[in-house]
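Colleague: I am new to reading structures, and I would love to hear the reasoning behind the labels. Could you take me through a few of them?

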Amino acid sequence: MVIQRIQTLMLLIAVAMMAVFCFTPYATLAADGVPTAVYVKDAPAFLTLNIVIAVLLFIIIFMYKDLRRQMRMTVLALLLICASIVTCGFILAVGLEDATPVLLGGVSLLVLALLFGLLAYRGMRHDKRLLASADRLR
């Protein structure tokens, strides 16, 4: 089996990034001199948001028959990833003032998921332009 659309692979990587983010620490909190990892599961609403994003990205993979709807849903997923990044920053800034973010762990996974989502959208836009040019030739 050969993946013919590169955006499928990009969306699958974004799903993997969001799934891994749910299980990796995104901050460390030094309480009584002992560093403690802060996970997504510590905030149930934040965990729910990230699971919804991962499921949505996975569902988007199978919307290849309706390119316009796939592109709209990808934009929605990208907005939700941005909301997750803002929520993560808000939790670190307001909720856990003494926490230090794990930049090479959880925080970078969100940014990478956003990047791969943008690359997938770019591939979809390329396919749409290709289809439009083929329609002009008919």
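What follows is a short talk about helix packing and aromatic pairs in a predicted model.

Colleague: Why are helix 1 and helix 2 called roughly antiparallel?

Modeller: Helix 1 (residues 6-21) and helix 2 (residues 44-61) pack at an angle of about 160°. Angles over 145 degrees count as roughly antiparallel, and therefore that is the label for helix 1 and helix 2. Their axes are 9 Å apart, and the crossing is left-handed.

Colleague: What kinds of residues make the contact of helix 1 with helix 2, by class?

Modeller: By class, there are 13 nonpolar, two polar and no charged residues. Among them are Leu11 and Val15 of helix 1, and Ile53 and Leu57 of helix 2.

Colleague: On to the rings! Why is the pair of Tyr26 and Phe46 called edge-to-face?

Modeller: Ring centres must lie within 6.5 Å to pair, and planes over 60 degrees apart count as edge-to-face. For Tyr26 and Phe46 the centres are 5.7 Å apart and the planes stand at 70°, so the pair is edge-to-face. Tyr26 and Phe46 are both buried, and ring pairs link them with Phe21 into a cluster.

Colleague: What makes Phe62 count as exposed, and how do you know that Phe58 counts as partly exposed?

Modeller: Exposed means over 50% relative accessible area, buried means under 20%, and partly exposed is in between. Phe62 has 53% relative accessibility, so Phe62 counts as exposed. Phe58 has 40%, so Phe58 counts as partly exposed. Phe58 and Phe62 also form an edge-to-face pair, at 5.3 Å centre to centre with 75° between the planes.

Note on methods: Residues are numbered from 1 along each chain as its sequence is written. This is a predicted model: local features need pLDDT of at least 70, side-chain atom pairs count only at pLDDT 80 or more; totals for chains, interfaces and linings use all residues. Side-chain values use heavy atoms; hydrogens and water are left out. Axes are lines fitted to C-alpha atoms, for helices over the stretch in contact, and angles run from 0 to 180 degrees between N-to-C directions. Helices (H or I, at least four residues) and strands (E, at least two) are DSSP runs, numbered from the N terminus. Angles under 35 degrees count as roughly parallel, over 145 as roughly antiparallel, 65 to 115 as roughly perpendicular and the rest as oblique. A crossing is left-handed if the near helix is turned anticlockwise from the far one by less than a right angle, and right-handed if clockwise. Contact means heavy atoms within 4.5 Å. Ala, Val, Leu, Ile, Met, Phe, Trp, Tyr, Cys and Pro count as nonpolar, Asp, Glu, Lys and Arg as charged, and the others, Gly among them, as polar. Rings of Phe, Tyr and Trp (its six-membered ring) pair if their centres lie within 6.5 Å; planes under 30 degrees apart count as stacked, over 60 as edge-to-face and the rest as tilted. Buried means under 20% relative accessible area, exposed over 50%, partly exposed in between (1.4 Å probe, protein chains only).
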